[in-house]
Amino acid sequence: MGVQIAPSILSADFARLAQAAESVQAADWLHVDVMDNHFVPNLTLGLPVVESLLAATDLPIDCHLMIEDPDRWAPAYAEAGAGSVTFHVEAAHAPVRLARELRALGTRAGMALKPATPVEPYADLLDELDMLLVMTVEPGFGGQKFLDLCLPKVRRARELVSGRGLDLWLQVDGGVSAETIERCAEAGADVFVAGSAVFGADDPDRAVAHLRALAEEASKPTG
Ligand code: DX5
Ligand code: ZN
């Protein structure tokens, strides 16, 4: 599939979300951060706003659910038409059942790992997923500093995916910018979420193109 860029509207003006979507037509996905004030110490938006966004943009929507009990709440985002729905494994009661349910509803199933959550215990579960999200900040807020300590996990996740011959996308989210995206791509990520680096730029679409070019160059095999 190659490099994909998913701007996070968490860094956009919440009163102008449709315009924010329009300003990133060069993107592959629109990343929507759903937070419930329980799983993370922040409250953002939920299903009604996602439904309105789905009607307002042609970009596929990548829902990142930072919520408790995704087993109960995540399927509705798939039913609404999100192209990808990612739940946190730390919050899920039955991640395999949930991933299967999401896929059965016709969406891509994603599973997210917080910085301190290792990937190895989930090696046998990767086949049930379409995307693994390795968080590169503690989830909850945009504009945080990229955590380099997460990169070895990205590398190990890529090795697990390649070793098993899986067609699984590897997403990074948090502090991804022109300064850090190359390191992520070199480690094996292929889907890049960027909030402040895109919506904090004068021209969000140009920022998307720039990030894509950097990631594509860094993804090229060396030698
Ligand atoms: C953080 C969210 C991210 C956030 C990234 O919990 O999951 O998607 O918007 O923002 P930046 O790119 O500014 O770190
Ligand atoms: Zn996110």
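These legends describe close-up views of ligand 1 and the residues around it in a predicted model.

**View 1. Ligand 1 and the residues around it.** The shell around ligand 1 is made of 21 residues. Those closest to the ligand are Ser8, Asp173, Gly175, Gly195 and Ser196. By residue type, the shell divides into eleven polar, eight nonpolar and two charged residues. The space that ligand 1 takes up is the largest pocket of the model.

**View 2. Polar contacts of ligand 1.** Which parts of Ser196, Gly175 and His64 come within reach of an oxygen atom of the ligand? For Ser196, an N or O atom of the side chain is 2.5 Å from an oxygen atom of ligand 1. For Gly175, a backbone N or O atom lies 2.7 Å from an oxygen atom of ligand 1. For His64, an N or O atom of the side chain is 3.2 Å from an oxygen atom of ligand 1. Ligand 1 taken alone exposes 380 Å², and the protein buries 100% of that area.

**View 3. Strands that contribute to the shell.** Three strands each supply at least two residues of the shell around ligand 1: β2 (30-35), β3 (61-66) and β8 (191-194). Which strand gives the most? Strand β2 does, with three residues. His31 is placed in strand β2, and Asp33 is found in strand β2 as well.

**View 4. The residues listed as "active site".** An unreviewed UniProt entry lists Asp33 and Asp173 under this feature. The two are spread over 141 residues of sequence, yet they cluster in space, with a largest C-alpha distance of 10.6 Å. Both Asp33 and Asp173 belong to the lining of the largest pocket, and that pocket is the space taken by ligand 1.

**View 5. A "binding site" set of four residues.** The unreviewed UniProt entry gives His31, Asp33, His64 and Asp173 for this feature. How far do these residues spread along the sequence, and how far in space? They span 143 residues of sequence, but they cluster in space, the largest C-alpha distance being 10.6 Å. Asp33 and Asp173 are also listed by UniProt for "active site".

**View 6. A "binding site" set that includes several glycines.** Under "binding site", the unreviewed UniProt entry also places Ser8, His64, Gly140, Phe141, Gly142, Gly143, Asp173, Gly174, Gly175, Gly195 and Ser196. From this set, the lining of the largest pocket takes in Ser8, Gly140, Phe141, Gly142, Gly143, Asp173, Gly174, Gly175, Gly195 and Ser196. Gly142 lies in the loop between strand β6 (131-135) and helix α5 (151-163). Ser8, Asp173, Gly175, Gly195 and Ser196 are the closest residues to ligand 1.

How values were computed: Residues are numbered from 1 along each chain as its sequence is written. Chains are lettered from A and ligands numbered from 1 in the order in which they are written. This is a predicted model: local features need pLDDT of at least 70, side-chain atom pairs count only at pLDDT 80 or more; totals for chains, interfaces and linings use all residues. Side-chain values use heavy atoms; hydrogens and water are left out. A residue is near a molecule or strand if one of its heavy atoms lies within 4 Å of it. A polar contact is a pair of N or O atoms within 3.5 Å; within protein, one must be able to donate a hydrogen and the other to accept it, and residues adjacent in sequence count only if both atoms are side-chain atoms. Accessible areas come from the Shrake-Rupley method with a 1.4 Å probe; for residues, only the protein chains shown count as cover. On a 1 Å grid over the protein atoms alone, a cavity is a set of points where a 1.4 Å probe fits but cannot get out, and a pocket is an open set with protein on both sides within 12 Å along at least five of seven lines; lining residues have an atom within 4 Å of a point. A molecule sits in a cavity or pocket if more than half of its atoms lie within 2 Å of its grid points. Helices (H or I, at least four residues) and strands (E, at least two) are DSSP runs, numbered from the N terminus. Ala, Val, Leu, Ile, Met, Phe, Trp, Tyr, Cys and Pro count as nonpolar, Asp, Glu, Lys and Arg as charged, and the others, Gly among them, as polar. UniProt positions are given in the numbering used here, feature names are shortened, and annotations may be inferred rather than shown by experiment.
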